[in-house]
Amino acid sequence: MTWIRRRRLVKKRRTFTGLTLVAAISFIAGMADAVGLMLCGDFVSFMTGNTTQAALAFAGGDYSHAIILFGALWVFIFGNAAGIVLAHSLSARRSFVVLTAVATILAVAALLPDSSHARVQFYLIVFGMGMINATVEHIEGLPIGLTYVTGALSRFGRGIGRWLMGDRNPTGWIIQTVPWTGMACGAVSGAFLTNYAGDRALWAVSGLSLAVALATALLPRPLHLHFQQPIHRGRRA
C-alpha cells in the first residue's frame, strides 16, 4: 500500500468516525431539546428561538420571562466556554471527558423536583447543551454544529447552489445533513419518550450521554484531539 493510499484510507476512517460521533451527539442534543422544551416550556439548546421569545416577552411586558430567557443565553455561552476549558485541561480523551460531564449535569437536573426547582433544572440542561458543543468542533476542517442546525442547513443549501453552478469540488457540504438528521431523530424520540415517561425522560438523555461517552473512550487518543480546534496560547506578534 502506497503512502498516499494509506493517508486517504486513514482520512476516510477518521471522517466516518467523526460523522458517527456527530450523529450520536446531535441525537442527544435533539432529544434533550425536546425533553427540556416539554418539561420546562423553553428551548434548552435553540438559542435563536430563545432570543426571539425573550424579545417578544420583553415587548409584551412579561419581563420576568424575558430575564429568564436572556439568562439562558449566558448560561449556554458559559456552558460552551466550560466545555472547551474542560476538554483542553483534564485529559487528551476530550470527547469522553466532556460527554461524561454532560451526563452528570443532566443526571443532577433529573434529580431535582421540577415543581420547586424548575428554573434551576432548566439552566442545568442549558449549561449541559452548551458544554456538549465542545466534543466535536470540525470534521476535516469543516465546521460542525451539534446543538443547532440552522448553520448546517445554510451551508448545505449554499453547497447545492455551488453544485448547480458546476462546482464539483469540494463536496464536503453534504456532511452537513448529518447533524440535522441526528437532531431531528433525537427530537422525535425525546418527544415520544416524554409523553410516555414524563420527567423521567431526562434520565434517558443522561444515560445515553454516558453511553456515548464510554464509546468514545475506546477511540484512539489522536482522534479526540483531531476533532477540535487547537488552542493558540501566547500573545500575537
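## Helix α3 and its exposed residues

Helix α3 holds Trp 74. The model is a predicted one, and every value in this report was computed from it. With a relative accessible area of 52%, Trp 74 is over the 50% that marks an exposed residue, so Trp 74 is classed as exposed. In sequence, Trp 74 and Met 47 are 27 residues apart, and their C-alpha atoms are separated by 9.9 Å.

Ile 67 is also placed in helix α3. Its relative accessibility is 61%, and Ile 67 therefore counts as exposed. Ile 67 belongs to a nonpolar surface patch of about 450 Å², where the other members are Phe 58, Tyr 63 and Phe 70. Which helix gives the most to the nonpolar patch? Helix α3, spanning residues 63–89, does so with three residues.

## Overall make-up of the chain

The chain has 237 residues, and 40% of them count as buried. Its secondary structure consists of nine helices and two strands. Read from the N terminus, the order of elements is α-α-α-α-α-β-β-α-α-α-α, with the two strands placed between helix α5 and the remaining helices.

About 12800 Å² of the chain is exposed, and carbon and sulfur atoms supply 66% of that area. Contacts between residues at least 6 apart in sequence were also sorted by separation: 75% of them join residues at least 24 apart.

## The largest nonpolar core

In soluble globular proteins, nonpolar side chains tend to be buried together. In this model the largest nonpolar core has 41 residues. Within this core, the residues with the most contacts are Ile 125 and Met 129. Helices α1, α3, α4 (94–111), α5 and α8 each supply at least two of the core residues. The largest share comes from α1, with 10 residues.

Which residues does Met 129 touch, if those up to four places away in sequence are not counted? They are Ala 29, Ala 32, Val 44, Ser 45, Phe 76, Val 102, Leu 106 and Thr 147.

## The salt bridge and helix α5

Side chains of opposite charge can pair when their charged atoms come close. How many salt bridges does a search of the whole structure find? The search finds one. Its partners are Asp 42 and Arg 119, and the closest N and O atoms of the pair are 3.2 Å apart. Asp 42 lies in the loop between α1 (3–40) and α2 (47–59), whereas Arg 119 lies in helix α5 (residues 118–131), so the pair ties together parts that are 77 residues apart in sequence.

The two partners fall into separate accessibility classes. Asp 42 has a relative accessibility of 5%, which is under the 20% limit, so Asp 42 counts as buried. Arg 119 has 30% and therefore counts as partly exposed.

Helix α5 also contains Gln 121. At 3% relative accessibility, Gln 121 counts as buried. The side chain of Gln 121 reaches the backbone oxygen of Ala 109, and the distance is 2.9 Å.

## Helix α8 and the loop after it

Ala 213 is placed in helix α8. Is Ala 213 buried or exposed? Its relative accessibility is 0%, so Ala 213 counts as buried. Leaving aside residues up to four places away in sequence, Ala 213 touches Phe 96, Leu 99 and Thr 100. The C-alpha atoms of Ala 213 and Arg 94 are separated by 9.8 Å, while the two residues are 119 apart along the chain.

Pro 220 is in the loop between α8 (201–216) and α9 (221–226). Pro 220 has a relative accessible area of 45% and is therefore partly exposed. Along the chain, Pro 220 and Arg 93 are 127 residues apart; their C-alpha atoms are separated by 8.3 Å.

Notes. Residues are numbered from 1 along each chain as its sequence is written. This is a predicted model: local features need pLDDT of at least 70, side-chain atom pairs count only at pLDDT 80 or more; totals for chains, interfaces and linings use all residues. Side-chain values use heavy atoms; hydrogens and water are left out. Patches are made of residues with over 30% relative accessible area and no salt bridge: like charges are joined within 9 Å, nonpolar side chains (Val, Leu, Ile, Met, Phe, Trp, Tyr) within 5 Å. Accessible areas come from the Shrake-Rupley method with a 1.4 Å probe; for residues, only the protein chains shown count as cover. A salt bridge is a side-chain nitrogen of Lys or Arg within 4 Å of a carboxyl oxygen of Asp or Glu. Helices (H or I, at least four residues) and strands (E, at least two) are DSSP runs, numbered from the N terminus. Buried means under 20% relative accessible area, exposed over 50%, partly exposed in between (1.4 Å probe, protein chains only). Contact means heavy atoms within 4.5 Å. A polar contact is a pair of N or O atoms within 3.5 Å; within protein, one must be able to donate a hydrogen and the other to accept it, and residues adjacent in sequence count only if both atoms are side-chain atoms. A nonpolar core is a set of buried Ala, Val, Leu, Ile, Met, Phe, Trp, Tyr and Cys residues joined through side-chain atoms within 4.5 Å.
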